[in-house]
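Got the viewer open? Let's take a walk through the helices and a few aromatic rings, one selection at a time.

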Amino acid sequence: MEKTKNKRAFLGRLAGIVGIIVNILLAVGKIGVGVIFGVLSVTADGINNLTDCGSSVISTVSFKLSEKPADKEHPFGHGRIEYILSMVVAFIIFFVAFETVKEAVGKIIQPVGIVISIWIPIMLGVSIVAKIGLFIYYRIVAKKIDSTILKASATDSLSDCVSTFMVLVCFFITYFTGYNVDGYAGVLVALFIGYSAFGILKEVVSTLIGKAPDEKLVNKIKDKIRSYPDVLGVHDLLVYNYGPNKYFASAHIEVDANVDVLQSHELVDLIEKEFIQDEGIVFTGHLDPIVTDNEKVSELKIKVENIVCEIDERLTIHDFRMVFGENRTNVLFDVLVPYGFNKSKTEIVDYITNKVKLIDERYYLVITVEPGI
């Protein structure tokens with residue numbers, strides 16, 4: 001796992017360095033052409049590349065900082081630094097968009113003549129090709145190392161392509177019609193810049209708030225737990241993210257209640273160790289013994305499962321148990337429902353209770369309805 005972390009950091013820093021070099025060259029070229037020929041939209045596009053350069057610097061620094069090991073103040077490591085710095089990138093881009101709009105509106109109100117030169121479309125064309133290449137490169141590396149900040153940089157690069165293309169279109173409009181649309185082109189550039197910043201910020205904020213884990217990861221964890229022969233089921237899975245590829249997870253692991261508790265505990269220990277070795281996930285398992293040799297319990301459990309499926313096939317039950325008494329039998333279990341389910345807890349409980357009462361009036365149900373993944 002240590003080798004994987006080092007490789008991730010190396011590829012992340014390399015992507016940052018490539019971004020710095022490409023954006024510096026584009027910024028110098030476009031700002032130079034824009035200033036010489038008096039084209040605000042080209043100059044603004046160059047300044048945008050300069051902010052991209054700053055973003056690449058932040059990206060490179062974030063990979064270095066996120067490598068810091070866990071310490072007393074940060075027991076889960078420093079992986080979320082990458083998310084924080086992604087927000088910094090977004091705010092920088094917002095600032096550039098705001099400044100560009102102000103200057104562009106000024107040029108719309110008081111148009112200033114521009115000099116038509118072949119160097120303008122050449123520079124813009126080179127920029128588009130370079131940014132497409134950078135977008136593809138960022139996407140490949142971001143996917144390979146699961147990097148939020150590189151995904152943000154890839155999105156920004158694609159937005160740069162669109163905004164630069166619009167500047168190019170506006171240049172040709174001015175060239176063929178003689179009507180100066182440079183100020184309008186500047187506004188378009190600013191809007192694209194602002195939109196890309198909003199997208200970055202939205203993604204990062206969602207991650208920091210605690211968005212649901214990827215479905216593939218959830219299924220991968222469940223499948224791995226179920227792959228052990230003595231595991232009868234798994235529920236109450238929780239997955240926490242503390243940075244790219246830095247996951248902590250916990251789950252209730254169902255085992256036969258008749259098996260020696262030390263043997264079952266050894267199984268859970270094995271699962272925990274192999275998760276960190278094979279997947280790099282810090283996993284904690286909760287031992288959940290279930291009765292498998294009581295025919296009455298098993299029979300009623302199957303019936304309750306069918307009743308629950310009548311509500312919705314996505315619903316499942318766990319921790320099913322029965323406490324027998326002289327006058328009534330307590331039936332206790334949990335119902336797991338997906339987030340955003342359209343029926344209330346009361347509706348679910350009432351439906352199941354009414355159906356089970358038809359089987360035997362003496363059954364007293366204690367149902368816990370809980371959301372889960």
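Before the first stop, a word on angles: a helix axis here is a line fitted to C-alpha atoms over the stretch in contact, and the angle between two axes runs from 0 to 180 degrees, taken between N-to-C directions. Keep in mind, too, that this is a predicted model.

**Stop 1: α3 and α6**

Select residues 81-109, which make up helix α3, and residues 182-209, which make up helix α6; their axes come within 8 Å and cross at roughly 160°. Angles over 145 degrees count as roughly antiparallel, so that is the label for α3 against α6. The crossing of α3 past α6 is left-handed. Colour the contact by residue type and you should find 23 nonpolar residues, seven polar ones and two charged ones.

**Stop 2: α7 and α8**

Now pick residues 215-226 for helix α7 and residues 261-278 for helix α8, which pack at an angle of about 135° with their axes 11 Å apart. That angle makes α7 and α8 oblique to each other, and α7 goes past α8 in a right-handed crossing. Show side chains for Ile221, Lys224 and Ile225 on the α7 side; across from them, in α8, are Ile271, Glu274, Phe275 and Asp278. By type, the contact of α7 with α8 has four nonpolar residues, three charged ones and no polar ones.

**Stop 3: the aromatic rings**

Hang on to Phe275 and add Phe283. How far apart are the ring centres of Phe275 and Phe283? They sit 4.7 Å apart, and with the planes at 25° the pair counts as stacked. Phe275 is buried at 1% relative accessibility, and Phe283 is buried as well, at 5%.

Searching the whole structure turns up eight aromatic pairs. Another one to look at is Phe171 with Phe172: the centres are 5.5 Å apart and the planes meet at 70°, so this pair is edge-to-face. Are these two rings buried or exposed? Phe171, at 8% relative accessibility, counts as buried, while Phe172 is partly exposed at 34%. Extend the selection to Tyr175 and Phe176, and you have the four members of one aromatic cluster: Phe171, Phe172, Tyr175 and Phe176.

**Stop 4: α9 and α10**

Next, select residues 295-311 (helix α9) and residues 345-359 (helix α10), whose axes come within 10 Å and cross at roughly 140°. That puts α9 oblique to α10, and the crossing is right-handed. On the α9 side, show Leu300, Lys303, Val304, Ile307, Val308, Glu310 and Ile311; they meet Ile348, Tyr351, Ile352, Lys355, Val356 and Ile359 of α10. The residues of this contact split into ten nonpolar, three charged and no polar.

**Stop 5: Lys355**

Finish by zooming in on Lys355, which is found in α10. What does Lys355 touch beyond its neighbours within four places in sequence? Ile307 and Glu310 are its contacts there. With a relative accessible area of 31%, Lys355 counts as partly exposed. For a last distance, click the C-alpha atoms of Lys355 and Lys303: the two residues are 52 apart along the chain, and those atoms are separated by 9.7 Å.

Definitions and conventions: Residues numbered from 1 in each chain as written. Predicted model: local features only at pLDDT ≥ 70, side-chain atom pairs only at ≥ 80, totals over all residues. Heavy atoms only, no water. Helix = DSSP H or I, 4+ residues; strand = E, 2+ residues; numbered from the N terminus. Parallel < 35°, antiparallel > 145°, perpendicular 65-115°, else oblique. Left-handed = near helix turned anticlockwise from the far one by under 90°. Contact = heavy atoms within 4.5 Å. Nonpolar A, V, L, I, M, F, W, Y, C, P; charged D, E, K, R; others polar. Phe/Tyr/Trp six-rings, centres within 6.5 Å; stacked < 30°, edge-to-face > 60°. Buried < 20%, exposed > 50% of the residue type's maximum accessible area, 1.4 Å probe, protein only.
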